[in-house]
Amino acid sequence: MAVFGVTVPPSQQDPDQGAGTLKRTIRKLLQTSNPTPPTPSTPFSPLKLTENGKTCILFWAKKLIVKLRNHTHVDLTDRAFSPNARVDLKGSSCNGEKAMLFLRFGDVADLKGLVISFLLSNTYYESTAQSWFSLDSVHILYNRSKEASFSATQIYAPAVSSYHCQHVSSLHKYDTLLEPSSHRDSLLWHITFIDFQIQAFNVEGGRFSPASDCASFFTPAILMGLLMSLILLLVLAYALHMVLHLKSIEQLDEHRPSVYLESEAESEPGDKEQAGQ
């Protein structure tokens, strides 16, 4: 007997044995044609800076990519977040008002002594009656002495929250949340964080607090919906105006014959008198 292209020899003993062989063969074929999908890899843990036994800075990104102009890009994700990462946080510090995070990668490709640093601050604003933290700037130090710097004035969140954004980058296609300084070396670099999250103050239990997301209220989908709503409102307003205009014309048409007859009736006696004279 042939089953799915495989010949099954007839049982030489009893029918039950042949049926069992057939079932095992079919089961084996089905298992081979539908392999179990691999289990997805576990995301890397965030970087933690601990002082006096307490975590004071948390940082994580799904991708961390830097690129020097006319050079291939360098993916630093594994070097920063993988369990075997050798990134050095030496020089990092944090207190109630300021925080600095240094990611020292050492020599990467043809870049010597590559360092990426984050400068953050925590400020109380009376207008909101709460403290806000902000990422003031990001710096890239390479070849021991050259530096590229990027301002990050749009990256901020309440101090009791973390900050999250799908893209934090110096590229225009990602809204340029990192603005390169006018210095020549800064203009040569591009830096991109994908699924970026950071918290530098009020870290509890070594975990990120609920995130304040950078997603704008006016996303493309929302803007398109608002535009379509505006167009529909304009069409409705025009249609309503035309209906009211038609009604006014109908009312004029209804009164016009009676007005004409009354004026004609009033003018008839005078016309007759003139005719008699």
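Buried means under 20% relative accessible area, exposed over 50%, and partly exposed in between, with a 1.4 Å probe and protein chains only. The model is predicted: local features need pLDDT of at least 70, side-chain atom pairs count only at pLDDT 80 or more, and totals for chains, interfaces and linings use all residues. Residues are numbered from 1 along each chain as its sequence is written, and side-chain values use heavy atoms, leaving out hydrogens and water.

**Exercise 1.** Find which cysteines form the two disulfides (cysteine sulfur atoms within 2.5 Å).

*Solution.*
- Step 1. C56 and C94 pair, with sulfur atoms 1.8 Å apart.
- Step 2. C165 and C214 pair, with sulfur atoms 1.9 Å apart.
- Step 3. Counting bonded cysteines along the chain, the pattern is 1-2, 3-4.

**Exercise 2.** Assign the handedness of each link.

*Solution.*
- Step 1. The C56 and C94 link has -80 degrees about the S-S bond and is left-handed.
- Step 2. For C165 and C214 the torsion is about 70 degrees, so that disulfide is right-handed.

**Exercise 3.** Is C214 buried or partly exposed? Classify its partner C165 too.

*Solution.*
- Step 1. C214 has a relative accessible area of 30%, so C214 is partly exposed.
- Step 2. C165 has 3%, so C165 is buried.

**Exercise 4.** Name the residues with the most contacts inside the largest nonpolar core (buried Ala, Val, Leu, Ile, Met, Phe, Trp, Tyr and Cys joined through side-chain atoms within 4.5 Å).

*Solution.*
- Step 1. The core has 49 residues.
- Step 2. F59, I116 and F118 have the most contacts inside it.
- Step 3. Beyond four places in sequence, F59 is in contact (heavy atoms within 4.5 Å) with residues including F81, F118 and F208.
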